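The exercises below are meant to be worked through with the sequence and the coordinates open side by side. Try each task before reading its solution.

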Amino acid sequence: MRFNVLGPLEVRAADGRAVSVGGPRPRAVLVMLLLEPGRVVGVERLVVGQYADDPPADAVGAVQAQVARLRRVLPAGLIAFTGGGYRIDVDPDDVDVHVFERLAARGRAAVAGGRPAEAVETLRAALALWRGPALVDLPNAVAEAARWAELRLTATEDLVDAELALPDEDPVPRLRALVAEHPLRERFREQLLRALHAAGRPAEALAEFEDARRLLADELGADPAPGLAAAHLAVLRSEPVAPVRPPLPARLTSFVGRDAELRLLADARDARLVTVVGPGGMGKTRLAVEFARRAGREVCFVDLSGVVAGDADVTRPVLAALGVREAGFRANPTGPVDRLVAALDQDVVLLLDNCEHVVAEVAGLVRVLLDRCPRVSVLATSREPLGLTGETVVPLGPPADPVRLFADRAAAARPGVVVDPEEAAGICAALDGVPLAVELAAARLRQFDLAEIARRLVGAERFRLLSKGDRTAAARHRTLRAVVGWSWDLLTPAERAAAARFSVFAAGAPVAAVEAVCGSDDVVADLVDRSLVVFADGRYRMLDTIRLFCAERLRESGDEHAARAAHAEHHLALARRADPHLRDAEQVEWLARLTADHDNLMSALRWAVREDRPTAMRLVTALGAYWWLSGRRGGAGEEAAALLTDEVPDGLGEEYVSCVVHAVPRAAEEHWRRAAAVLDELGWTLRHPFGAALWGMAAGPPDEVPGEPAFAPDPWNAALGALSRGLLEVMAGGDGVPRLREALAGFRALGERWGTAQALDWLALLASRRGEWADAHAAWAEALACYEVLGALDECAELHCHRGESLVREGDFGSATREFTAAIESAARAGRTAPAEASLGLGEVARLRGDLAEADVLLRRAHAAALVEGGARWLSARTATALGRLAQARHDRAAAASWHTEAVECVRTAALAAELASALEGLAGVAVLDSDGVRAAHLLGTAVALRGAPIAGDPDVVRTAAAATALTPDYAAVHAAAAARSTEDALAT
């Protein structure tokens with residue numbers, strides 16, 4: 001609703017309809033409440049305001065009745081009773097008297113700051129709110145009404161001062177009327193003298209002074225005030241009206257965090273044209289003014305924000321700022337530029353502020369001034385450069401320490417507030433460090449705490465949060481939306497379309513992407529000039545706040561679907577182009593390219609999941625290798641799961657398999673079965689071969705040893721086939737080494753690091769099992785170097801665990817502990833919890849050192865993690881075996897037997913024969929507890945038959961074998977007989 005009290009009370013609903021609020025008593029109550037919006041007005045004040053010294057017997061009851069009448073016609077809850085009085089909950093901007101007060105203050109600030117055009121516009125708007133005397137509905141508020149009347153006259157005087165500073169204004173007629181209406185008001189008389197003198201009418205000016213002198217003497221017995229006397233003296237001496245050069249804008253807050261930028265300006269002090277450029281709200285004006293204040297030269301400040309865009313004559317505000325005025329009504333034979341040149345025969349810095357909307361006109365004027373006024377330098381602020389030869393451009397970005405600025409403004413907004421640096425840093429990061437946005441957020445501490453401010457900054461909600469700025473600031477700087485909107489309004493239609501489309505990029509974009517989505521990159525280059533887009537390191541970027549604003553415009557334009565479709569199409573093409581290079585020597589370079597566009601790739605995927613499922617499935621498939629190699633393998637799980645259906649889409653079989661793999665653990669059993677059938681049908685010939693490796697790692701080893709997989713006949717596929725076959729042979733108890741060496745040679749020939757490291761890791765593991773410690777550690781060192789180049793932190797963690805297991809068998813518990821700790825650190829850097837294998841290794845070290853309590857905690861943690869990590873059977877078997885060995889150390893025969901039996905059941909398959917061997921070795925330990933040396937010898941021999949050879953240095957196997965030998969003299973014969981059996985016979989028993 002709107003409430004007007006500058007004249008008879010007027011209440012209007014949102015639709016403009018007049019609302020009647022009753023007779024004089026309720027009207028008076030409402031006016032008194034409106035003078036204090038949001039504050040409690042005591043019942044006593046309401047009584048005195050209506051009845052003065054003659055209240056009725058039940059004055060309080062009368063006020064209650066009047067409030068009740070108001071509540072019947074006003075919205076519910078608008079008037080509340082609180083703490084012995086009433087409060088009306090309206091925005092001050094909905095009450096004309098408060099709007100007037102704000103505009104009058106802003107206009108006065110504009111006059112003081114040398115912005116006469118802005119002052120005239122603002123003060124005229126303020127005075128237009130008056131419809132008659134103020135507070136006529138409060139006959140007893142004489143003093144209050146007189147105060148508002150005085151404010152009205154002061155605003156009128158300020159308006160006249162502003163008009164006097166504009167060359168094209170002729171305030172004389174209106175000043176004569178004002179003097180006639182207020183004959184004793186000396187400021188109007190002084191202004192009339194100045195106007196007449198400036199217009200070349202000194203005789204009239206002297207006559208006006210004489211009239212004023214006589215009137216003041218007759219009515220008040222006083223002499224003219226100093227201002228009026230000084231104006232009279234200037235007329236008598238025929239002196240020109242002293243030009244009043246606008247002072248630099250006063251500093252209202254501390255100047256924080258721009259030391260580096262001030263040094264840049266100082267370094268450019270010898271340049272005749274320096275332009276500070278940057279997005280809106282970045283603090284260009286404040287920086288330029290602060291530098292000018294410290295520079296020690298004469299400065300003329302010219303605010304161009306009030307100039308109408310397209311106005312061919314930007315000389316007028318410069319002339320006005322210099323105090324150069326027209327005289328009389330005759331046309332001046334000297335043009336404005338020539339007069340400006342003549343006035344600038346002096347050593348001065350022209351500070352031209354807010355040039356962006358008239359940049360062409362300003363550039364033309366500055367070119368002339370630099371050519372014809374050798375003693376003049378220009379310091380400009382703009383959202384784009386002036387584009388002149390010799391111009392020094394100082395780009396202004398976010399300050400180096402926006403948290404310092406936030407803390408400073410927070411202390412001013414809410415004295416005593418304690419600002420948590422981390423929370424403040426998060427808020428500043430969300431706002432791109434833009435100073436105006438940071439200041440607006442800090443001001444909100446009057447209403448919210450830091451956590452609530454941070455929550456409300458998500459997405460476009462920030463525009464609503466940061467919608468209350470300095471009421472006296474220019475409209476374009478009052479809210480965050482207005483700051484960006486000012487830049488938007490200056491764009492051409494083509495630039496607006498490009499800016500809107502550019503908003504689909506979540507992480508900036510290289511030139512090729514810009515051309516694919518926005519059309520010609522020339523238009524985006526124009527956006528760089530206008531400080532809406534930044535170009536650095538080969539990529540265009542847009543501040544997030546600007547991007548959100550442009551995204552709103554894109555939605556409004558109806559072009560969003562087409563823009564996002566083009567964005568998704570481009571990034572699918574990028575992923576497909578990168579995929580083969582992720583399997584060759586250019587692997588690292590292409591990983592870096594995709595990483596730079598990670599946010600764009602994920603944004604394209606999320607959009608395609610909702611709007612274009614085939615494209616989404618193709619993206620999941622093409623990005624599989626990138627996600628795995630860059631350690632982002634789980635980042636698309638939800639999107640992949642959302643794409644799974646009950647049927648495989650036509651022509652998208654490989655894509656369906658990829659979605660199943662990436663949906664772990666969300667994919668259902670039927671999805672896995674369907675994907676396995678697709679792979680059988682495709683014969684492992686895939687357009688994106690890394691998918692086969694992903695399937696193997698996600699699905700785990702099969703229950704039966706498969707035949708030779710028919711991989712596609714390219715070198716990387718051949719190496720992958722050899723690696724896969726070698727691993728299957730090792731798990732089934734075979735040698736595997738020749739296949740692994742074949743794979744290593746293939747991957748090395750390609751220069752592909754991930755496959756090379758995989759082969760090296762497994763060869764090192766087998767070497768360590770043979771006791772070839774030096775060879776093992778050399779291979780691990782080479783493999784770790786490959787993983788570190790790729791940034792494959794999960795693989796690094798796994799390799800550290802393998803090295804730690806070897807060191808345990810070597811008896812170096814200290815080094816083993818460091819390896820397991822390094823595995824946990826690598827996983828943490830990848831954003832993951834401690835790997836089950838690391839907890840398993842640390843638990844084994846604790847057990848072997850005799851710390852059974854610590855071992856129990858670590859091993860149970862490892863077993864729980866193994867179940868969470870996809871329920872991998874081999875890992876669950878290992879942790880169960882370790883818990884069984886811990887029970888053996890405690891001589892708990894029942895628990896040991898239970899854990900070892902669980903381990904056996906996890907891996908009782910031909911494909912996991914080697915893992916089964918470890919479980920049987922654990923059961924051999926239980927047999928020793930039962931004093932059954934023959935069974936122990938049989939189980940240890942069967943483990944050798946399944947694995948193909950004993951593991952060198954296993955302390956538990958060594959201890960179990962020694963105990964079994966002591967229990968039975970036939971140990972060697974029983975062990976040899978069991979070890980000589982075939983794998984099939986061993987599995988059968």
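Helices here are DSSP runs of at least four residues, in the H or I state, and they are numbered from the N terminus. The model is predicted, and the first exercise therefore concerns confidence.

**Exercise 1. Find where the confidence of the protein chain is lowest and where it is highest.**

Solution. Begin with the chain as a whole, for which the mean pLDDT is 84, with 90% of the residues at 70 or more. Next, go through the elements: helix α20 (residues 461-465) has the lowest confidence, with a mean of 65, whereas helix α29 (residues 613-622) has the highest, at 96. Finally, mark residues 326-333, where the pLDDT is below 50 and where the model has 10 contacts beyond near neighbours in sequence. Residues 469-477 also stay under 50, with 26 contacts beyond four places in sequence.

**Exercise 2. Decide whether Ala865 is buried or exposed, and place this residue in its helix.**

Solution. Locate Ala865 in helix α42, which spans residues 852-868. The relative accessibility of Ala865 is 19%, and because buried means under 20%, this residue counts as buried. Then look across to Ala836, which is 29 residues away from Ala865 in sequence, although their C-alpha atoms are 5.2 Å apart in space.

**Exercise 3. Work out the strand order of the open sheet of 5 strands, and name its edge strands.**

Solution. The order is β7-β8-β9-β6-β10, with parallel pairing. The edges are β7 (299-303) and β10 (392-395), each of which pairs on one side only, and the twist from one strand to the next averages 15°. Within this sheet, follow β6 (residues 273-277), which runs parallel to β9 (residues 376-382) and is joined to it by 5 bridges; Thr275 has Ala380 in β9 as its bridge partner. To finish, add helix α12 (residues 284-295), which lies across β6, β7, β8 (348-353) and β9, at about 155° to β9.

**Exercise 4. Describe the open sheet of 3 strands, and explain why one side of each edge strand is left without a neighbour.**

Solution. The strands follow the order β3-β5-β4, and their pairing is antiparallel. β3 (41-42) and β4 (79-82) each have a single partner strand, so one side of each lacks a neighbour in the sheet. Between β3 and β5 (residues 85-88) there are 2 bridges in the antiparallel sense, and Gly42 stands opposite Gly85 in β5. Helix α3 (residues 59-73) lies across β4 and β5, running at about 145° to β4.

Key. Residues numbered from 1 in each chain as written. Predicted model: local features only at pLDDT ≥ 70, side-chain atom pairs only at ≥ 80, totals over all residues. Heavy atoms only, no water. Buried < 20%, exposed > 50% of the residue type's maximum accessible area, 1.4 Å probe, protein only. Pairing = 2+ DSSP bridges. Axes fitted to C-alpha atoms, helices over the stretch in contact; angles between N-to-C directions. Contact = heavy atoms within 4.5 Å. pLDDT = per-residue confidence, 0-100.
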